[in-house]
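Below is a short set of notes for a colleague who has not yet looked at this structure. The points go from whole-chain figures to single residues.

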Number of protein chains: 2
Amino acid sequence: MRDIIYFGEKIYFEGYSAVGGFEEGRGTIGEKFDFISEDDLFGMKSFERAESEMCRIAMNIALKKCNITNDELSVLVAGDLQNQCVGSTSGLFSFGVPYLGLYGACSTLTESLGVCASIMNVGASYKRGAVVTSSHNCTSERQFRNPLEYGGQRAPSTQWTATAAGAFILEKREANEKDDAPFISAFMPGRVIDGYTKDAANMGGAMALSSFDTMSRFFSPESGERVEDYDLILTGDLGKIGSDILSELLVEKLGKIGEKIKERHNDAGLILYDREKQDVHAGGSGCGCSASVMGADILKKVKRGEIKKMLLMSTGALMNSTSVLQGEHIFGITPCIKIESSVL
Amino acid sequence: MRDIIYFGEKIYFEGYSAVGGFEEGRGTIGEKFDFISEDDLFGMKSFERAESEMCRIAMNIALKKCNITNDELSVLVAGDLQNQCVGSTSGLFSFGVPYLGLYGACSTLTESLGVCASIMNVGASYKRGAVVTSSHNCTSERQFRNPLEYGGQRAPSTQWTATAAGAFILEKREANEKDDAPFISAFMPGRVIDGYTKDAANMGGAMALSSFDTMSRFFSPESGERVEDYDLILTGDLGKIGSDILSELLVEKLGKIGEKIKERHNDAGLILYDREKQDVHAGGSGCGCSASVMGADILKKVKRGEIKKMLLMSTGALMNSTSVLQGEHIFGITPCIKIESSVL
């Protein structure tokens, strides 16, 4: 299969963190976060600064967890939803680490992990790297939709942009005897797929086709990959509507393989919040959603061996407020990485 | 030197193109462009669509030049200045190539070439990739500053965002006997450097420190790299003001090595337009500036062997219209790739 990159050197998750705001703290996995801010300003004077501060806090916690300093990092890959990704750059510049800025909307986490693992595989001296992605509900609402003060009613199909950041310290090394660190073993970039919708209030719907495209490519007959080998196929963030569309597509188009994918599928946007108690409509979204779900919850399960092999497929909706007003289609993209447990 | 990635496999520029608008056509290297549109709409109904159309045209020309189809590409790396990089995604989705979206402001070309070459080095089956970057004066003016209709007077320190796109088809292969294709042999990501300015009308000034940082790192005593080995060190786009600041820094801080860098330094923002005849103030800028200067002019000189070894260091100013209004600093970033001639 020409599309999947299998890494010669394993890239281990040595440390990771999840930072969130009030809603995230009272969500389903709120207790597993490393840091929750009771308000969404994180002590800053603007929501934009707050997002940067989240990135900085997440990075510091992740560094501390594996007991290394920023000087030991060869590269930092990051991105967020703010125009020109300023949330990441202004939050992370003080670490002084060589930097690659990426944009993949809510898919940025998977794209960043894949690119970082690739760069570390090719850079002989690149032993350690970091990935940070974030989103902030209040910066996103006023940038993509309306200022919060406007108090507009949200459509039932909308998702709740997570106020959250995740940081991940990656290390290229040999396995050791008592290893329990999860590692990245493969990466496959996603294709830009027309979502055939202009409705900015239905991101999950716009991204469903693209997640289906990536699953079809990854499990194509030529790839040699078998669904049975995976315990979890995690998208983020299709939410309820996108997940339902994906499920239908899988069964209708891929038959038995589709059924098996469906059985193993979950979505970060459906994990982060308790949709019965929290007013998040179709679920969570944002670069910080899959990042915090991975950092707070999923990677710990892989570390414990509860999940042996998984695919992370964060999904991104590619649009901006101008393109929507101009009546352009919304595109989706779904990169994919393979994560394995060191615990057999 | 831990920072420079030297590629095991050479990544050749097999085909490349430059597409531009009216001002670019009457600029210093206008005749060398592959396609010039007499108006800046490229037959589209909006400037945003026009930018996407430029990307599509540039990609098609580059593919045609090396006689391959989009199906033969394993990966496409792209970015632009529009919010959420929609110029690239909507212009390039129809090629159906696995896609990595990057954001590095005007540095996006160098970052994209470096990431694409890295991915091709690590992906065993990744034989061919493509890089496309673009900018459009009219989409940028209204997004970052004022709508064109407002007719605001531009400060003398401003630069002119190029209406241009460049596309580059990269190939991983052995050298052949009659080879004359330029190739990428190394990549070094840039660091995010505080430009110590809040003036969005002086991008060159905001990026000068970051270009100096990258040069200092690349030619540090531990790196083993010698300035004398290079014929050209091309930044893009510091313009007149940024280049002047860089020159002073080089001589003051790096002494003799700085003098040698200064002798070999040129800037894409000073090459694209004729500043005496065109009203571009401090020079050109935008992701399309260094892309079109490379695609229309510089790579042809490397192909002919007039330039044996060069460094491409596109420079990016990291800010958005909100961060400027909130009084935040503007950051700069300068990634670097090493390009060599096959002609000895």
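Among contacts in chain A between residues at least 6 apart in sequence, what percentage join residues at least 24 apart?

1. The answer is 79%. Please keep in mind throughout that this is a predicted model. The secondary structure of chain A consists of 10 helices and 16 strands.

2. On overall form, chain A has a radius of gyration of 18 Å, which agrees with the value near 20 Å for a compact globule of 344 residues. Along the principal axes, its C-alpha atoms fill a box of roughly 55 × 50 × 35 Å. Of the 344 residues, 66% count as buried.

3. On the surface and charges, chain A exposes about 11,900 Å², and carbon and sulfur atoms supply 49% of that area. The chain has 36 positive and 46 negative charges, and the mean positions of the two sets lie 3 Å apart.

4. The two chains meet through 59 residues of chain B and 59 residues of chain A. About 4,700 Å² is buried between them, with 59% of it from carbon and sulfur atoms. On the chain B side, Arg2(B), Gln84(B) and Val122(B) lose the most area to chain A, together 16% of what that side buries.

5. Gln84(B) deserves a second look. This residue sits in the loop between β3 (75-80) and α3 (86-92) of chain B. Its relative accessibility is 3%, so Gln84(B) counts as buried, the cut-off being under 20%. Gln84(B) is not a glycine, yet has a positive phi of about 60°.

6. Phe42(A) is another non-glycine residue with a positive phi, here about 50°. Its place is the loop between β2 (35-36) and α2 (47-65) of chain A. With 9% relative accessibility, Phe42(A) counts as buried. As background to both residues, most residues other than glycine have a negative phi, and most peptide bonds are trans.

7. Where are the cis peptide bonds noted here? In chain A, one joins Gly236(A) and Asp237(A), with omega about 20°. In chain B, the bond from Gly236(B) to Asp237(B) is cis, with omega near 15°. Asp237(A) lies in the loop between β10 (232-236) and α7 of chain A. Asp237(B) lies in the loop between β10 (232-236) and α7 (239-264) of chain B.

8. Asp237(B) also appears among the contacts of Met207(B), which, leaving aside neighbours within four places in sequence, include Leu238(B), Thr315(B) and Thr334(B). Met207(B) belongs to helix α6 (residues 203-218) of chain B. Its relative accessible area is 0%, so Met207(B) is buried. Lys309(B) is 102 residues from Met207(B) in sequence, and their C-alpha atoms are 24 Å apart.

9. Is helix α5 (residues 137-144) of chain B largely enclosed or exposed? Seven of its eight residues are buried, so the helix is largely enclosed by the rest of the structure. The buried residues include Asn137(B), Cys138(B) and Phe144(B). In α5(B), the buried residues pack against α2 (47-65), β5 (128-135), β6 (160-161) and α10 (321-325) of chain B.

10. Leu249(A) is in helix α7 (residues 239-264) of chain A. At 15% relative accessibility, Leu249(A) counts as buried. Apart from neighbours within four places in sequence, Leu249(A) is in contact with Ala208(A), Leu209(A), Phe212(A) and Leu254(A). The C-alpha atoms of Leu249(A) and Phe33(A) are separated by 34 Å, and the two residues are 216 apart along the chain.

Definitions and conventions:
Residues numbered from 1 in each chain as written. Chains lettered and ligands numbered in written order. Predicted model: local features only at pLDDT ≥ 70, side-chain atom pairs only at ≥ 80, totals over all residues. Heavy atoms only, no water. Helix = DSSP H or I, 4+ residues; strand = E, 2+ residues; numbered from the N terminus. Rg over C-alpha atoms; globule rule 2.2 N^0.38 Å. Buried < 20%, exposed > 50% of the residue type's maximum accessible area, 1.4 Å probe, protein only. Contact = heavy atoms within 4.5 Å. Areas by Shrake-Rupley, 256 points an atom, 1.4 Å probe, with all protein chains shown as cover. Lys, Arg positive; Asp, Glu negative; His and termini not counted. Charge placed at Lys NZ, Arg CZ, Asp CG, Glu CD. Buried area = accessible area lost by both parts, 1.4 Å probe.
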